[in-house]
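Me: I'd like to learn how to read a fold feature by feature. Could you walk me through one?

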Amino acid sequence: MIDRFSKWVTAFLIRERSISEENAEIYQYGVEITLSSIFNIVLIMLVSIFAKSILSGMIFLILFITLRQFSGGYHATTYFRCNIIFLLTYIFVLLMSRYVVISFWANSVFVLLGIIVLLLFAPVPNVHKPLTGDACKKHKRNAIIIYVLFSLIELLLFEVVSYYSRVLFFTLMAIMMLIIFEIFMQRSGLHESTENSC
């Protein structure tokens with residue numbers, strides 16, 4: 001559906017002479033990404049309203065979108081799968097935040113393991129967004145800074161507002177799991193890979 005609609009929008013823009021035909025693929029991809037992102041945000045907020053936890057949805061979206069932009073991670077092969085995985089990731093975060101309580105020290109150990117994951121793998125190679133040289137190093141640095149910043153907030157909130165601390169924690173851990181899963185998929189030959197030169 002997103003694919004068809006983006007083709008229609010691109011064809012309309014070409015007919016209206018707003019874009020050139022040579023750039024059609026770039027604009028179509030841009031429309032697809034925009035529509036998919038809007039759909040994902042609306043979906044997460046609807047689930048948040050249903051779960052009576054709008055703030056959880058906002059925390060998840062801000063953290064997920066901000067960190068994933070620089071760290072990369074698992075990418076589904078279709079927009080439908082992407083939307084389903086994004087939704088399931090959020091439901092996982094919600095359920096874990098509500099029903100799983102871990103100690104401060106276990107929390108801290110997992111946070112440190114997350115830093116190691118980023119140091120080893122971020123940014124995750126992506127054939128659709130290859131990075132080289134300075135861009136790659138900048139993405140790694142930004143991913144680590146964002147991760148550390150949110151981890152510190154999460155640890156500071158641990159005793160004060162423990163539920164939202166857990167939302168932050170499980171969102172961070174979900175992103176780390178998606179990074180590890182994508183690396184596994186690429187090394188198994190199940191996903192295309194391009195080497196980032198970090």
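Reply: Happily! Let's begin at a loop: Lys-52 sits between helix 2 (24–50) and helix 3. Keep in mind throughout that this is a predicted model.

Me: What is the phi of Lys-52, and is Lys-52 buried or exposed?

Reply: Its phi is positive, about 55 degrees, although Lys-52 is not a glycine. Lys-52 counts as exposed because its relative accessibility is 77%, and the cut-off for exposed is over 50%.

Me: Let's step back. How many helices and strands does the chain have?

Reply: There are seven helices and zero strands, so from the N terminus the elements read α-α-α-α-α-α-α. The C-alpha trace spans about 60 × 40 × 30 Å along its principal axes. Of the chain's 198 residues, 42% count as buried. Among contacts between residues at least 6 apart in sequence, 78% join residues at least 24 apart.

Me: How do I read a single helix, say helix 5?

Reply: Start with the general idea: an α-helix has 3.6 residues a turn, so residues three or four places apart point the same way. Now the case here. The buried residues of helix 5 are Asn-107, Ser-108, Val-111, Gly-114, Val-117 and Leu-118. The cover over them includes helix 3 (54–71), helix 6 (133–156) and helix 7 (162–187).

Me: What span should helix 5 have, and how far apart are its end C-alpha atoms?

Reply: Helix 5 covers residues 104–121, which is 18 residues; at 1.5 Å a residue they should span 26 Å, and the end C-alpha atoms are 26 Å apart, so the two agree.

Me: What comes after helix 5, in the loop that leads to helix 6?

Reply: That loop holds Pro-123. A cis peptide bond joins Ala-122 to Pro-123, with omega about -10 degrees.

Me: And how do I describe two helices packed together?

Reply: In general, two packed helices are described by the angle between their axes and the distance between the axes. For helix 6 and helix 7, the axes come within 8 Å and cross at roughly 150 degrees. That angle is over 145 degrees, which means helix 6 is roughly antiparallel to helix 7. Their crossing is left-handed.

Me: Which residues make that contact?

Reply: From helix 6 come Tyr-147, Phe-150, Ser-151, Ile-153 and Glu-154; from helix 7 come Ser-165, Leu-168, Phe-169, Leu-172, Met-173 and Met-176. By type, the residues of this contact divide into eight nonpolar, two polar and one charged.

Conventions:
Residues numbered from 1 in each chain as written. Predicted model: local features only at pLDDT ≥ 70, side-chain atom pairs only at ≥ 80, totals over all residues. Heavy atoms only, no water. Helix = DSSP H or I, 4+ residues; strand = E, 2+ residues; numbered from the N terminus. Expected span 1.5 Å × (residues − 1). Buried < 20%, exposed > 50% of the residue type's maximum accessible area, 1.4 Å probe, protein only. Contact = heavy atoms within 4.5 Å. Axes fitted to C-alpha atoms, helices over the stretch in contact; angles between N-to-C directions. Parallel < 35°, antiparallel > 145°, perpendicular 65-115°, else oblique. Left-handed = near helix turned anticlockwise from the far one by under 90°. Nonpolar A, V, L, I, M, F, W, Y, C, P; charged D, E, K, R; others polar.
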